[in-house]
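Here is a quick tour of some charged pairs and one helix packing. Have the sequence and the 3D view open as you read.

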Amino acid sequence: MIRRIRNQVFKELQQFQRDRLGVALAFILPVIALLIIGYAIRLEAKNISLVVRDLDRTTLSRSYIERLYATNLFVPAKWQGMRFPDAIDRDTAQVQITIPPGFAADAAAGRTGKVQVVIDGSDTINARVSDLAVKGTTLAVVQEQLGQLSETLGVVAQVRLWFNPGRQESLFIVPGSYGVILAIFPPLLIAIALVREKEQGTILQLYASSLSAFELLIGKSLAYIAVGLGEAIILFVVGFCLFGVRFIGDPTPLIIGTPVFMLAGVQLGLIIGIFTTTQSAAVQAIGTIKVLTGFLLAGFLFPLNSVPFPFSIASYLVPVRYYIELCRDVFVRGSGWFGTWELILAMLILSIAEFALAWWGMRRMQLSD
């Protein structure tokens, strides 16, 4: 049995090597996808257009305006004395602030110094970030200029950002993109290869051979797991060279977890290849399943605790969910086996379940003795 599986693995790798399109799909497109995702996706709001109408024109008001722009969140927008808040209505600014006359005098006298802030709420993310930034800047200016914050609050929080103090988005996006990319391409390759054999009729030779369904699946799986591991190594090297994403702590969980994750992905590709009859159908199935689950149900861009029921339950059946968390632990947190063994176990259980389904489907397709 070992000899037959080994021969099947070599046969699959030789067929893959002769397919130039498949090689490009395996090793060039994943790198392109990593570059696009790593450089194009930005979750932190920046360059929000801001208009400030200073009717007080005092040292405090000017200091307040300077602190707003010093957040590196806002950029000045053009405003030519239009009727307030025309800058928002005409979409020339996303935030418009008015500092009324007597603002500094009221604050110095202990009275409430009111500032009018109008925010464009059509973009909810920018609106929320702008609201927090304006409130934080206001408190900081009051503390610096008037020394009233500690006296009024009594408690001042000293905040520290752990693991990623510089708030580098690449440490969040790039490890997550590893999971999304590796969840798409190895299953896509093996599904296309299996369907191509069905279209060309060569798969009948395998069905009529002495290979059992188990041996056939193991042989194909090992070949494309090897291809997927090659993709993973390339992505890790590119991520290190271009984005500075490196191992934190023990890399052993990733070394063991990546083949397990590949096994789960390859089994899904086999399942789709078994139950589809054309390459276009296989590509559409892989794209729909992997892209939607990878971006929406795996915690890549959105926190899983915000996913509503019943999709929150369905996310536990998505292997890439666990692999993304594993990558972010190995490349950002570095908790080691203590924080990752459950992730590897979950991927292994899903891999076994998918292999059982693929084996059942392959047995139904094979010719009877």
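## Salt bridges and a helix pair

Let's start in helix H7 (residues 124-146), where Lys135 and Asp131 sit four residues apart, about one turn of the helix. Helices here are DSSP runs of H or I with at least four residues, and strands are runs of E with at least two, numbered from the N terminus. Before going further: this is a predicted model, where local features need pLDDT of at least 70, side-chain atom pairs count only at pLDDT 80 or more, and totals for chains, interfaces and linings use all residues. Residues are numbered from 1 along each chain as its sequence is written, and side-chain values use heavy atoms, with hydrogens and water left out.

Lys135 and Asp131 form a salt bridge, meaning a side-chain nitrogen of Lys or Arg within 4 Å of a carboxyl oxygen of Asp or Glu. By that rule there are eight salt bridges. The table lists some of them.

| Pair | Closest N to O |
|---|---|
| Glu215 and Arg4 | 2.6 Å |
| Glu197 and Lys220 | 3.0 Å |
| Lys135 and Asp131 | 3.3 Å |

Glu215 and Arg4 form a salt bridge, and this pair ties together distant parts of the chain: Glu215 is in helix H11 (residues 213-243) and Arg4 in helix H1 (residues 2-18), 211 residues apart. How covered up are they? Relative accessible area sorts residues into buried (under 20%), exposed (over 50%) and partly exposed (in between), using a 1.4 Å probe and protein chains only. Glu215 is buried at 3%, while Arg4 is partly exposed at 30%. Back in H7, Asp131 is partly exposed too, at 29%.

Glu197 pairs with Lys220 in a salt bridge, another link between distant parts of the chain, with Glu197 in helix H9 (residues 170-200) and Lys220 in helix H11, 23 residues apart. Glu197 is buried at 5%, and Lys220 is buried at 1%. These two also belong to a salt-bridge network with Lys11 and Glu12.

Now for the helix pair. Helix H2 (residues 20-27) packs against helix H3 (residues 29-40) at about 30°, with the axes 3 Å apart. The axes are lines fitted to C-alpha atoms, for helices over the stretch in contact, and angles run from 0 to 180 degrees between N-to-C directions. H2 and H3 are therefore roughly parallel, the label for angles under 35 degrees (over 145 is roughly antiparallel, 65 to 115 roughly perpendicular, the rest oblique).

Which residues in H2 and H3 meet? Ala24, Leu25, Ala26 and Phe27 in H2 touch Leu29, Pro30 and Val31 in H3, with contact meaning heavy atoms within 4.5 Å.
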